[in-house]
Amino acid sequence: MMFSQSQEQQNSAPSSVNRSEMTRMAVQWAQKYYAKAAAHSPRTSNHFFLENHAVDVTEFDQDRSRTVAELTKNLGLLGTLAWNKVGSILGIEWNRYPVNKLRSDDTDKLIEDVSNLYHQALEVFAQYEYPFRLSVSLGKEAVKLRRKYSQTEPLMLVLLQLQFHYIGRMLLEWMSMKERTVFFLYFKTLEDYLYSPLGEVNDLAAQHLSDSPALIAVQQLLPILTTIANQVYHKVQDLNTGHRSISGNVKNHILEYSSTRDIELFQIYLCWCVLENSLRPIQRELFPMCVILYPRLHISWKLVQDMLDAMSEEFEKRLLPQNFAVFSPYLQVLAEIFSNQVVQTV
């Protein structure tokens, strides 16, 4: 969704407008967006299988080079299979999708871009490099790719992320358990760049003075993102013991992985909003992506609401009062636009 200059001015920071008026405008916008987007919510029964283990990534594996050669050769096929999986998740028949203004050339390029990223990741994997080396060798490329597909509409960013996810899933399933536990670390490193707007946060942080309240608040939050995410997940789990998503029960380790990743994602978007002094990141990317994906993944809006409540509690408990005050208006906006007033009203 693109915003005109007047809209972006309306979406400026809490410091420049009355907080209740900002929230009211955000809710009105979210209601309109949700009403348009929530009409289609196909159901599927796919399952994910991602495991994280402590491993020695430098341990020699005589089969690794053979596996990498096979996977590299079959990346084209895996890209096509993953794209079909993406279509089934979103309920899209690709041969009819041009009606929805998604050109075949665009989708072919997206598949190619993701496959190329994995090709380079496999080369690093084959060379026994540490996963964090991807931050140096491929981090900028992943950020560039994310920005490229976030410039048009939220759906393109969703397609990029799902395509990356399912190719990664297929690569992992092709590997032996030993190889899988190692390559997952490479997968996770790249996923962090493609899923979250870390590039935007880093760039904006560099533009702030060292005594900027926004920068100081973000600097306190970033090191404890994962700690907060884990605490929030367990609180939400206790409140929703019977909930089942496309990945299974809320206690399922796969859902725990994806849920904690999403909670981290929400926090990074809050950092982006604070540093940009704007609601634009939420309105342009976060909310539309959630509306597209969550119904199709069987993630209930109550789960999201409980997550936001728990996250606000953790922020207040763990951040200095002056830093919590910086995030508080944006936390309030998130609570309002994901409330029953919006997401259960079509």
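Is Lys317 buried or exposed? Let's work that out along with a few other exercises on this predicted model.

**Exercise 1. Describe the pairing of Glu314 with Lys317, and say how each residue sits relative to the surface.**

Step 1: Start with the pair itself. Glu314 and Lys317 form a salt bridge, and their closest N and O atoms are 3.3 Å apart.

Step 2: Place the pair in the fold. Both belong to helix α15 (residues 301-318), and because they are 3 residues apart there, about one helical turn separates them.

Step 3: Check accessibility. Lys317 has a relative accessible area of 57%, so it is exposed, as the cut-off for exposed is over 50%. Glu314 comes out at 0%, which makes it buried.

Step 4: Look at who else joins in. The pair is part of a salt-bridge network linking Lys235, Glu313, Glu314, Lys317 and Arg318.

**Exercise 2. Test whether α15 has the span you'd expect of a helix, then pick out some of its buried residues.**

Step 1: Take the 18 residues of α15 at 1.5 Å a residue, and the expected span is 26 Å.

Step 2: Compare with the model, where the end C-alpha atoms are 25 Å apart, in agreement with that expectation.

Step 3: Now scan for burial. The buried residues of α15 include Trp301, Leu308, Met311 and Phe315, and Glu314 is on that list too.

**Exercise 3. Set the Arg66–Glu70 salt bridge beside the Lys109–Asp113 one.**

Step 1: Recall the general idea: side chains of opposite charge can pair when their charged atoms come close.

Step 2: Get the distances. From N to O, Arg66 to Glu70 is 3.3 Å, and Lys109 to Asp113 is 3.4 Å.

Step 3: Find the helices. Arg66 and Glu70 are 4 residues apart in helix α3 (residues 64-73), so about one helical turn lies between them. Lys109 and Asp113 are also 4 residues apart, about one turn, in helix α5 (residues 104-126).

Step 4: Add accessibility. Arg66 is partly exposed at 44%, and Glu70 is partly exposed at 28%. Lys109 is partly exposed at 34%, whereas Asp113 is buried at 10%.

Step 5: For context, the structure holds 17 salt bridges.

**Exercise 4. Work out how α11 and α16 pack, and what kinds of residues make the contact.**

Step 1: Two packed helices are described by the angle between their axes and the distance between the axes.

Step 2: Read off both values. Helix α11 (residues 213-221) meets helix α16 (residues 321-337) at about 100°, and the axes are 9 Å apart.

Step 3: Classify the angle. It makes α11 roughly perpendicular to α16, since 65 to 115 degrees counts that way.

Step 4: List the partners. On the α11 side, contact residues include Ile216, Val218 and Leu221, while α16 supplies Asn323, Val326 and Phe327.

Step 5: Sort the contact residues by type: 8 are nonpolar, 2 are polar and no charged ones take part.

**Exercise 5. Explain what catches the eye about the backbone at Tyr128 and Asn277.**

Step 1: Start from the usual pattern: most residues other than glycine have a negative phi.

Step 2: Check the two residues. Tyr128 isn't a glycine, yet its phi is positive, about 60°. Asn277, also not a glycine, has a positive phi of about 60°.

Step 3: Locate them. Tyr128 is in the loop between α5 and α6 (133-137), and Asn277 is in the loop between α13 and α14 (280-293).

Step 4: Finish with accessibility. Tyr128 is partly exposed at 21%, and Asn277 is partly exposed at 37%.

How values were computed
Residues are numbered from 1 along each chain as its sequence is written. This is a predicted model: local features need pLDDT of at least 70, side-chain atom pairs count only at pLDDT 80 or more; totals for chains, interfaces and linings use all residues. Side-chain values use heavy atoms; hydrogens and water are left out. A salt bridge is a side-chain nitrogen of Lys or Arg within 4 Å of a carboxyl oxygen of Asp or Glu. Helices (H or I, at least four residues) and strands (E, at least two) are DSSP runs, numbered from the N terminus. Buried means under 20% relative accessible area, exposed over 50%, partly exposed in between (1.4 Å probe, protein chains only). The expected span of a helix is 1.5 Å times one less than its number of residues. Axes are lines fitted to C-alpha atoms, for helices over the stretch in contact, and angles run from 0 to 180 degrees between N-to-C directions. Angles under 35 degrees count as roughly parallel, over 145 as roughly antiparallel, 65 to 115 as roughly perpendicular and the rest as oblique. Contact means heavy atoms within 4.5 Å. Ala, Val, Leu, Ile, Met, Phe, Trp, Tyr, Cys and Pro count as nonpolar, Asp, Glu, Lys and Arg as charged, and the others, Gly among them, as polar.
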